[in-house]
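Subject: Structure handover

Hello,

Here is the structure I promised to pass on. Please open it first, then read my notes below.

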Amino acid sequence: GLEDKHKPAKVKFKPIQATNKDELVLPQGYKYDVVALYGDKINAKGDTFGFNADFTCFLPIEGSSEHGLLWVNHEYLGELEYYVTGYDALHADPKNNTRTSAQIEKYLYSLGGSIIEVKKQNGKWTLISDSKYGRRVSGLTKHTLTGPAAGSAAVGGAREVTGTFANCSGGVTLWNTILSCEENFDSVIADTKLKDETHYGWVVEVDPFDPNSIPKKHTALGRFSHENTAMTLAPNGQLVVYMGDDANDQYVYKYVSRGSYSKSTGKANARLLEEGTLYVANFGKGKWIALDYGKNEALQKAVDSTGKPLFTSQADVLVKCREAAKAVGATAMDRPEDLEVHPIDGSVFISLTNNSKHGNFYGQIVRLFPKDNNHAAEEFTFEIFAAGGPQSGFAAPDNLAFDSAGNLWVVTDISSSSMNSGIYKTFGNNGVFFIPTSGSDKGVAAQFASAPVGAEMTGPWFAPDEKTLFMSVQHPGENLESYEAPTSHWPKGGTSIALPGVVAITGF
Ligand code: FEO
Ligand code: CA
Ligand code: CA
Ligand code: CA
């Protein structure tokens with residue numbers, strides 16, 4: 001049973017101290033291998049690993065914990081764009097976009113996701129640079145839309161769209177495909193002069209094991225600044241996907257499929273992501289509110305400032321999810337980032353990273369309890385599980401991961417412009433924290449890792465044997481004053497330019 005499999009775990013490492021060192025600092029006895037860096041070759045065709053790695057997900061090959069595929073999101077370029085496209089975003093006037101079409105093509109290619117084949121050989125994790133699985137899904141790749149908004153007027157009639165970008169975090173499905181979340185797509189649209197804004201802000205499904213598969217954007221899961229997905233099952237087999245919208249005063253959502261999951265159906269279970277109900281949370285009432293145009297009068301009656309109906313169909317509701325959530329009285333939250341389901345008790349952990357508008361500078365982690373442990377239930381209760389701040393030692397929680405014993409692993413995302421200054425000074429660089437969810441150390445954070453200067457450790461993902469923790473080192477060297485004076489030289493040292501990439505941490 002669960003009790004036998006999940007023995008209570010103690011912190012097995014000596015916590016590190018906050019530091020501003022330009023290194024990925026780990027506790028004694030742990031080490032990291034750099035698995036892939038921006039620009040690395042990932043297949044025989046010569047495709048290359050994208051920029052600003054984020055979410056990672058390891059998919060074993062033949063059940064191995066030492067050989068598999070790694071999906072990696074590539075979120076954005078920011079001021080480091082110069083190294084990718086040659087466009088000097090650091091000094092450019094944002095109102096005067098002079099990117100050439102060749103620069104825009106490089107920009108879009110560097111974002112999206114990579115599928116790479118990785119293997120532990122002679123004690124070291126390595127990238128297979130001529131893998132038959134190696135593939136880029138980028139801002140230039142063809143995608144299909146599924147679900148109620150596909151082909152609708154709300155998306156300009158589109159059933160096929162070009163590209164994915166702003167891919168922040170994500171999740172894995174029960175049928176071994178990847179869900180990658182389009183988050184802050186607006187800035188990419190502005191930078192690349194794209195016109196079809198409604199084609200972005202979706203959850204994208206990719207099958208890493210089928211190099212010819214066309215990625216899908218599932219419109220039934222709504223359109224907003226998606227952070228990640230946490231997929232689980234209700235007792236009756238309905239699929240449930242928890243999701244956050246990472247912006248000040250945005251909402252927490254869950255999707256409940258109409259049909260039920262069946263293991264023997266395999267990849268055809270993807271259809272469950274095309275038909276179902278999207279809910280948004282009201283924390284004051286402890287209720288999930290269905291964003292169902294046909295049934296919800298508040299949606300039918302909602303008007304804009306000129307008195308025009310905001311929505312005339314379910315497709316409108318899905319495309320304009322934020323307006324729909326507001327219209328039904330959902331609770332505005334302090335930037336909901338990752339949501340993850342506890343592997344033992346099924347409670348749902350939510351990172352609220354911060355909201356300076358409300359004076360919430362350090363963020364917190366909320367724990368939601370579905371009524372009767374039923375993820376399809378329309379009622380819930382919640383508690384504040386842990387709060388960021390000088391006393392707890394962490395600030396701005398972002399991605400979450402559980403180990404099988406139910407310990408929480410939390411990464412922090414103090415923005416590179418605030419890091420190591422003002423109220424954030426004592427926290428040092430961003431880090432990775434370990435927080436037990438039961439026992440005498442319940443809720444107490446211990447620091448496991450510290451990121452290089454300017455960086456954020458994103459996308460924590462354990463191999464099935466939990467002897468390797470994959471993570472990205474995102475945006476090292478960000479918050480630059482000039483390209484001539486880099487603030488980080490990770491990982492190559494010397495006078496090298498910092499490169500974002502993925503590491504494999506071992507020693508567990
Ligand atoms: Fe891209 Fe919400 O962090
Ligand atoms: Ca994130
Ligand atoms: Ca973040
Ligand atoms: Ca970030």
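How many bridges join strand 13 to strand 14? Six, and the two strands run antiparallel. Strand 14 covers residues 238–245. One pair to look up is Thr 232, whose bridge partner in strand 14 is Val 240. Please keep in mind that this is a predicted model.

**The sheet around that pair**

Strands 13 and 14 belong to an open sheet of five strands. The order is 13-14-16-17-18, and the pairing is antiparallel. Strand 13 (226–233) and strand 18 (287–290) are the edge strands, as each pairs on one side only. On average, neighbouring strands of this sheet are turned by 30 degrees against each other, with direction ignored. As general background, strands of a sheet pair through backbone hydrogen bonds, either parallel or antiparallel.

**The chain as a whole**

The protein chain holds seven helices and 30 strands. Its radius of gyration is 22 Å, and the globule rule gives 23 Å for 508 residues, so the chain is as compact as a globular protein of that length. The C-alpha atoms fill a box of roughly 60 × 60 × 50 Å along the principal axes. Buried residues account for 50% of the 508. Take the contacts between residues at least 6 apart in sequence: 60% of them join residues at least 24 apart.

**Strands 21 to 23**

Strand 21 (residues 348–352) and strand 22 (residues 364–370) run antiparallel, joined by five bridges. Phe 349 stands opposite Arg 367 of strand 22. Strand 22 also pairs with strand 23 (residues 380–387), again in the antiparallel sense, over seven bridges. There, Pro 370 has Phe 380 in strand 23 as its bridge partner.

**Backbone points to check**

Trp 490 and Pro 491 are joined by a cis peptide bond, with omega at about 0 degrees. Pro 491 lies in the loop between strand 29 (468–474) and strand 30 (501–506).

Asn 52 is not a glycine, yet has a positive phi of about 35 degrees. Look for Asn 52 in the loop between strand 1 (31–37) and strand 2 (53–60). Is Asn 52 buried or exposed? Buried, because 27 C-beta neighbours lie inside 10 Å, and 20 are enough to count.

Arg 335 also has a positive phi, near 60 degrees. Arg 335 sits in the loop between strand 19 (333–334) and strand 20 (336–341). With 25 C-beta neighbours inside 10 Å, Arg 335 counts as buried.

**Glu 205 and the core**

Glu 205 is in strand 11 (residues 203–206). Glu 205 is buried, since 25 other C-beta atoms lie within 10 Å. Leaving aside residues up to four places away in sequence, Glu 205 touches several others, including Thr 177, Ile 178, Leu 179, His 218 and Leu 273. Thr 126 is 79 residues from Glu 205 along the chain, and their C-alpha atoms are separated by 26 Å.

Which residues touch the most other members of the largest nonpolar core? Val 280 and Val 503, out of 139 residues in that core. Beyond four places in sequence, Val 280 touches Tyr 251, Tyr 253, Ile 289, Leu 291, Ala 325, Val 328 and Ala 330.

Best wishes

Notes:
Residues are numbered from 1 along each chain as its sequence is written. Chains are lettered from A and ligands numbered from 1 in the order in which they are written. This is a predicted model: local features need pLDDT of at least 70, side-chain atom pairs count only at pLDDT 80 or more; totals for chains, interfaces and linings use all residues. Two strands pair if DSSP finds at least two bridges between them. Helices (H or I, at least four residues) and strands (E, at least two) are DSSP runs, numbered from the N terminus. A residue is buried if 20 or more other C-beta atoms lie within 10 Å of its own, exposed if 12 or fewer, and partly exposed in between; C-beta atoms are placed from the backbone. Axes are lines fitted to C-alpha atoms, for helices over the stretch in contact, and angles run from 0 to 180 degrees between N-to-C directions. Two residues are in contact if their C-beta atoms, placed from the backbone, lie within 7 Å. A nonpolar core is a set of buried Ala, Val, Leu, Ile, Met, Phe, Trp, Tyr and Cys residues joined through C-beta atoms within 7 Å. The radius of gyration is taken over C-alpha atoms; the globule rule is 2.2 Å times the number of residues to the power 0.38.
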